Amino acid sequence: VQLQASGGGLVQAGGSLRLSCAASGLTFNSYALGWFRQAPGKEREFVAAIKWSVVYYGDSAKGRFTISRDNAKNTVYLQMNSLRPEDTAVYYCAARRGVTTTQATYMEYWGQGTLVTVSS
């Protein structure tokens, strides 16, 4: 299983970014996909997850971020709007078979991460 995250970069506060995570080597529809992030000196934090059409968001993402998936492209997206400096982190996509989880510990596969930097 491989997860390839992309789309990170430098953006000003209030701006938007869309992250993508292309998956291979798995039966995409059978997996729950999630986004987590980790800022320097902090623990990995749950951002959003999706299984079929059911979505979950962490408190920091609610109202600003949207997770979606394209099963035809084996890709999951994270649209991030109204970005804040505190959103600065490395963003990771992850996958697991079965039910969705907000716990990083239970994710089976991880991408390499993509850096998002939000300037004030």
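Two exercises follow, one on the surroundings of R69 and one on a sheet.

The model is a predicted one, in which local features need pLDDT of at least 70, side-chain atom pairs count only at pLDDT 80 or more, and totals for chains, interfaces and linings use all residues. Residues are numbered from 1 along each chain as its sequence is written, and side-chain values use heavy atoms, with hydrogens and water left out.

**Exercise 1.** Work out which backbone oxygens lie by the polar side-chain atoms of R69.

*Solution.* Begin with the location: R69 belongs to strand β7, residues 65-70 (strands are DSSP E runs of at least two residues, numbered from the N terminus). Next, consider burial and charge: R69 is buried (under 20% relative accessible area, 1.4 Å probe, protein chains only) and has no salt bridge (a side-chain nitrogen of Lys or Arg within 4 Å of a carboxyl oxygen of Asp or Glu), the nearest side chain of opposite charge being that of D70, 8.5 Å away. Finally, look at the backbone: the oxygen of F28 lies 2.7 Å from a polar atom of the R69 side chain, and the oxygen of I50 lies 3.4 Å from a polar atom of that side chain.

**Exercise 2.** Determine the order of the 4 strands in the open sheet, and the place of β7 in it.

*Solution.* The order is β1-β3-β8-β7, with antiparallel pairing (two strands pair if DSSP finds at least two bridges between them). Strands β1 and β7 stand at the edges with a single partner strand each, so one side of each is left without a neighbour in the sheet. Within the sheet, 6 bridges join β3 (residues 17-24) to β8 (residues 75-80), and R18 has Q79 as its bridge partner in β8.

How values were computed. Buried < 20%, exposed > 50% of the residue type's maximum accessible area, 1.4 Å probe, protein only. Lys, Arg positive; Asp, Glu negative; His and termini not counted. Polar contact = N/O pair within 3.5 Å; in protein donor to acceptor, adjacent residues only side chain to side chain.
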